[in-house]
Amino acid sequence: MPQALPPRDELRVSFEFFPPKSEKMEESLWMAVERLAPLQPSFVSVTYGAGGSTRERTHHTVKRILEETALVPAAHLTCVDASRAEIDAVVRQYHATGVRHFVALRGDSQAGVGARYAPHPEGYQSSAELVAGLKAVDPAIEVSVSAYPEKHPESPDFATDIDLLKRKVDNGACRAITQFFFDNDVYEKYVERVRRAGIYVPIVPGIAPIHDFTKISRFAEGCGATIPAWLAARFEGLEQDPQTHSHVAAAVCAEQVLDLADRGIRDFHFYTMNRADLVYSICHILGLRPAAAPSAEAESAAA
Ligand code: FAD
């Protein structure tokens, strides 16, 4: 059984969204933002299509979060298919609107699945260089980076992987957010390796609530995340049964985060897929409650 939950003031959650492609998707993103905002995340991040394919949409989403909510947005950025000057211009544009937190990534080749990544000749050659570039624009910028508990599929070994993480941290990253994983032992072992390499920033677990087991299994194959056999067994036969699928998904995710909390983890980054339902339930199980909306009296007293 899980031990007692950690006190609320020790827990920090963050939520990741992707920029919507249509008005309808924008509406559902916004419903998710409004539902999750009262849980007071430390920040909410917005992904970036490699090669800038979502540049405008990412920017629009980040700007709307800044202007219409009290949330702190973090803009994802990649090095793909862009010169340093182009990336720096995007950063300055964000900076001018008040964005001070970025998730700095290398990104993937735009040539399709399996294509080898080649840096732009005038671009940042790696995510570590991008971190340094962000810090050169403003040293106060907060930079998060990625980490891979099962190592990145392109990485020959853990040592190479962790060496790159070290360079990212040495260049100014203050937090790493992991690729999603389902085996907490794998995460814990990875964090031990990272600490042995002299990296002391938080390695925040990336938690993926399973909205669609078939889809996430396919996606996991591409990004080197393992789907354990016990997990596949839990979802077996639920392809046509969304209600049971959703209950099982909540149970599986609750089990994972409670076990991480038992192991002393206090920061959780949720891949929301722009949906609030599962994430909200899991946060509730973790002990998070919505902040009370300010009462009319409190508002008039403050006026
Ligand atoms: P890095 O950490 O820079 O490198 C990953 C690994 O690849 C390293 O371990 C390194 O050893 C190896 N490697 C790097 N360069 C080379 C090279 N030239 N040759 C051989 N090996 C190399 N993608 C998006 O497009 N947009 C997003 O918004 C986005 N957000 C993400 C957020 C998180 C938290 C995570 C975990 C991933 C995200 N991704 C996103 C996916 C990411 O872009 C891909 O996983 C990409 O393949 C690697 O980018 P990175 O910055 O994570 O890689």
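Is L29 buried or exposed, going by its C-beta neighbours inside 10 Å? L29 counts as buried because 22 C-beta neighbours lie inside 10 Å. The term buried stands for 20 or more other C-beta atoms within 10 Å of a residue's own, exposed for 12 or fewer, and partly exposed for what falls in between, with C-beta atoms placed from the backbone.

A word on the model comes next. It is a predicted model, in which local features need pLDDT of at least 70 and side-chain atom pairs count only at pLDDT 80 or more, while totals for chains, interfaces and linings use all residues. Residues are numbered from 1 along each chain as its sequence is written.

**Around L29 and helix α1**

L29 sits in helix α1. Helices here are DSSP runs of H or I with at least four residues, strands are runs of E with at least two, and both are numbered from the N terminus. Leaving out residues up to four places away in sequence, L29 touches F17, P20 and N274. Such a contact requires the C-beta atoms of two residues, placed from the backbone, to lie within 7 Å. L29 and T61 are 32 residues apart along the chain, and their C-alpha atoms are separated by 9.4 Å.

M31 is also found in helix α1. M31 has 13 other C-beta atoms within 10 Å, so it is partly exposed. Its C-alpha atom is separated by 8.2 Å from that of R275, although the two residues are 244 residues apart along the chain.

**Two helices, each with a buried side**

Helix α2 covers residues 55-68, and α6 covers residues 184-196; the table sets out their spans. The expected span is 1.5 Å times one less than the number of residues.

| Helix | Residues | Expected span | Distance between end C-alpha atoms |
|---|---|---|---|
| α2 | 14 residues (55-68) | 20 Å | 20 Å |
| α6 | 13 residues (184-196) | 18 Å | 18 Å |

In α2, the buried residues include T58, T61, V62 and I65. They cover an arc of only 95 degrees around the axis, which puts them on the same side of α2. The arc is that of the directions from the helix axis to the C-beta atoms. A general rule helps here: an α-helix has 3.6 residues a turn, so residues three or four places apart point the same way. On the other side of α2, E56, E67 and E68 are exposed. The buried residues of α2 pack against β1 (12-17), α1 (23-36), β2 (43-46), β3 and α3 (84-97).

In α6, Y187, Y190, V191 and V194 are buried. Their arc around the axis is only 100 degrees, which puts them on the same side of α6. D185, E192 and R196 are exposed on the other side of α6. The partners that the buried residues of α6 pack against are α5, β6 and β7 (203-207). Just after α6, G198 takes a positive phi of about 80 degrees.

**Helix α10 and the core**

Helix α10 (residues 277-286) has L278, V279, Y280, I282 and C283 as its buried residues. Among the elements that cover them are β1, α1, α9 (242-262) and β8 (267-271). Just after α10, G287 takes a positive phi of about 105 degrees.

V279 appears again in the largest nonpolar core, where it joins F102 and A104 as the residues with the most contacts inside the core. That core has 79 residues. A nonpolar core is a set of buried Ala, Val, Leu, Ile, Met, Phe, Trp, Tyr and Cys residues joined through C-beta atoms within 7 Å. Leaving aside neighbours within four places in sequence, F102 is in contact with A74, A75, L77, L134, I141 and V143.

**Two loop residues with positive phi**

Most residues other than glycine have a negative phi. Q40 has a positive phi, near 55 degrees, and lies in the loop between α1 and β2. With 15 C-beta neighbours inside 10 Å, Q40 counts as partly exposed. N274 has a positive phi near 60 degrees and is placed in the loop between β8 and α10. N274 is buried, with 20 other C-beta atoms within 10 Å.

**The ligand**

Finally, 24 residues surround the ligand, and the closest are T47, H76, S127, S146 and H152. A residue belongs here if its C-beta atom, placed from the backbone, lies within 6 Å of the molecule. The elements giving two or more residues to this shell are β3 (73-78), β4 (101-105), α5 (158-170) and β6 (175-180). Of these, α5 gives the most, with 3 residues.
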